[in-house]
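Here are some notes for a colleague who is opening this structure for the first time. They are set out as numbered points, so that each can be checked against the model in turn.

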Amino acid sequence: MILLKAPLLVIFFALPYTHSFHLPTTKRTIARTFTMNPDSLTIPPHTKHDPDCPDFRTGYPPIEAYETGFLQVSDLHNIYWEQSGNPNGNPVVVLHGGPGGGCPPSYRTYFDPAKYRIIMFDQRGAGQSLPFAELKENTTWDLVSDIEKVRVHLGVEKWVVFGGSWGSTLSLSYSQKHRDRVKALVLRGIFMCRRSELQFFYQEGTSHLFPDAWEKYIAVIPEVERHDMISAYHRRVTDDDPAVRLEAAKAWTTWEMSTSNLIPNEAKIAQGEDPKFAEAFARIETHYFVHGAFMRNDQQLLEDVDKIRDVPCTIVQGRYDVVCPMKSCWDLHRAWPEADVKVVSDAGHSMSEPGIKSELLKATDKYADL
């Protein structure tokens, strides 16, 4: 055998800019997205976190609501609603996360105020809705019924439905029950409240990535109860002792706020210490989770995809979302390949992360003239 020695030949190809890879710098970072279809994955041009890049979007200016009110949806519940933007525009209903999170004013900035009639409401027990943090008559199907009551109350024939995280669960639930009222869907951070999803975030999975935050989360619960963290927390946030409730609510909420961003956001983490926000958030979330979101089975939203297969839909998912991991988005994509899926490769769960916000804005612009 003869071994030939030759110099190593290295060849550099000049690739088009749209296929080039740029390392983030302090002045410029990049949100790489890809679109999925049934047979392949394709990578479109990079979207830059740079105001000079026409592809990147930062949001519309803050606006005030032009109308607010309360709607009595049952003998017990009175929900807060508001409208902003163009009163004659394309109606869009915003379904907030949690459950129990409420709709902050910043959500209005995801829609062109000249084209959209932006309708937001706080779900039962959340935000400004009354009674505060109430769990009675509070199920997924109560909320679906409330969405219809808001639609009728405000005289809307059809609307675009926008929701992320738990809001995506509720958006799917509503659209599958009321297909004839939905023009299009914009979903983010897919969550179908399946057992595997809850186990990953609240029992074991995200704990391997955020062990420091995890230690604070489990510290409230005695070791003998840690085999079922959701149930253990549910017992505490519904305890008769206000001090027990508040301690557990803060720890539960801080865990989620600590893990929602790819780069932890200190302002969001501090939100977990807000007594009012934490109590509604923790009480309502654990209530829904111990009841499996009141679905007929774990796969209901996937089994009923045929009911909305023809609905235009854009799904935005953070690649490194550890609150609602991409596996759920992937499962939905496989069941519903007609939906347009945008995966943001440098983002976690939060809708305020630059790449996710940019893709959501592109999606709402896409459906603005429906």
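How many nonpolar, polar and charged residues does the lining of the second largest pocket have?

1. The second largest pocket. This is a predicted model, and the answer to the opening question is that the lining of the second largest pocket has eight nonpolar, five polar and five charged residues. The pocket encloses about 240 Å³ of space, and of the 18 residues that line it, those closest to its centre are G101, G102, G127, Q128 and F277. Both β6 (78-85) and α8 supply at least two residues of this lining, and the largest share, three residues, comes from α8.

2. The largest pocket. About 490 Å³ of space lies in the largest pocket, where Y107, K268, Q271, S350 and M351 are the closest to the centre among the 24 residues of the lining. The elements that give two or more residues to this lining are α6 (242-259), α7 (266-271) and α8. By class, the lining of the largest pocket divides into seven nonpolar, 13 polar and four charged residues.

3. The cavities. Apart from the pockets, the structure holds four cavities of 30 Å³ or more, and the largest of these cavities has a volume of about 70 Å³. The residues lining the largest cavity are G98, S165, F191, E197, L198, F201, Y202, E256, E285, F289, V323 and C324, and they divide into seven nonpolar, two polar and three charged. Two helices, α3 (195-202) and α8 (275-290), each supply at least two residues of this lining, with α3 giving the most, namely four residues. A reader who follows α8 through the model will therefore meet it in the lining of the largest cavity, in that of the largest pocket and in that of the second largest pocket, as the definition of the helices as numbered runs lets one trace.

4. The cysteines. Which residue holds the cysteine sulfur nearest to that of C324? With a disulfide taken as a pair of cysteine sulfur atoms within 2.5 Å, the count comes to zero disulfides. C324 is in no disulfide, and the nearest cysteine sulfur, that of C193, is 9.5 Å away. C324 counts as buried because its relative accessibility is 2%, which is under the 20% cut-off, and C324 is also one of the residues that line the largest cavity. Another cysteine, C103, is likewise buried, with a relative accessible area of 14%.

5. Helix α2. Is helix α2 largely enclosed or largely open? Eleven of the twelve residues of α2 are buried, so the helix is largely enclosed by the rest of the structure. The buried residues are W166, G167, S168, T169, L170, S171, L172, S173, Y174, S175 and Q176. The geometry of α2 (residues 166-177) can be checked as well: at 1.5 Å a residue its twelve residues should span 16 Å, and the end C-alpha atoms are 17 Å apart, which agrees.

6. Residues with a positive phi. Most residues other than glycine have a negative phi, and most peptide bonds are trans. S165, although it is not a glycine, has a positive phi of about 60°; this serine is found in the loop between β9 (159-164) and α2, and it counts as buried because its relative accessibility is 7%. S165 also belongs to the lining of the largest cavity. For A293, phi is near 60°, again a positive value in a residue other than glycine. A293 has its place in the loop between α8 and α9 (300-303), where it is buried, with a relative accessible area of 0%.

7. Cis peptide bonds. Where in the model does P99 have its place? P99 is in the loop between β7 (90-95) and β8 (116-121), and the peptide bond that leads to P99 from G98 is cis, with omega near 0°. G98 is one of the residues lining the largest cavity. A cis peptide bond also runs from L130 to P131, with omega near -5°, and P131 lies in the loop between β8 and α1 (140-153).

Key. Residues numbered from 1 in each chain as written. Predicted model: local features only at pLDDT ≥ 70, side-chain atom pairs only at ≥ 80, totals over all residues. Heavy atoms only, no water. Buried < 20%, exposed > 50% of the residue type's maximum accessible area, 1.4 Å probe, protein only. Expected span 1.5 Å × (residues − 1). 1 Å grid on protein atoms, 1.4 Å probe; cavity = no way out; pocket = protein on both sides within 12 Å on 5 of 7 lines; lining within 4 Å. Points joined across faces, edges and corners; volume = space filled by probe spheres on them. Nonpolar A, V, L, I, M, F, W, Y, C, P; charged D, E, K, R; others polar.
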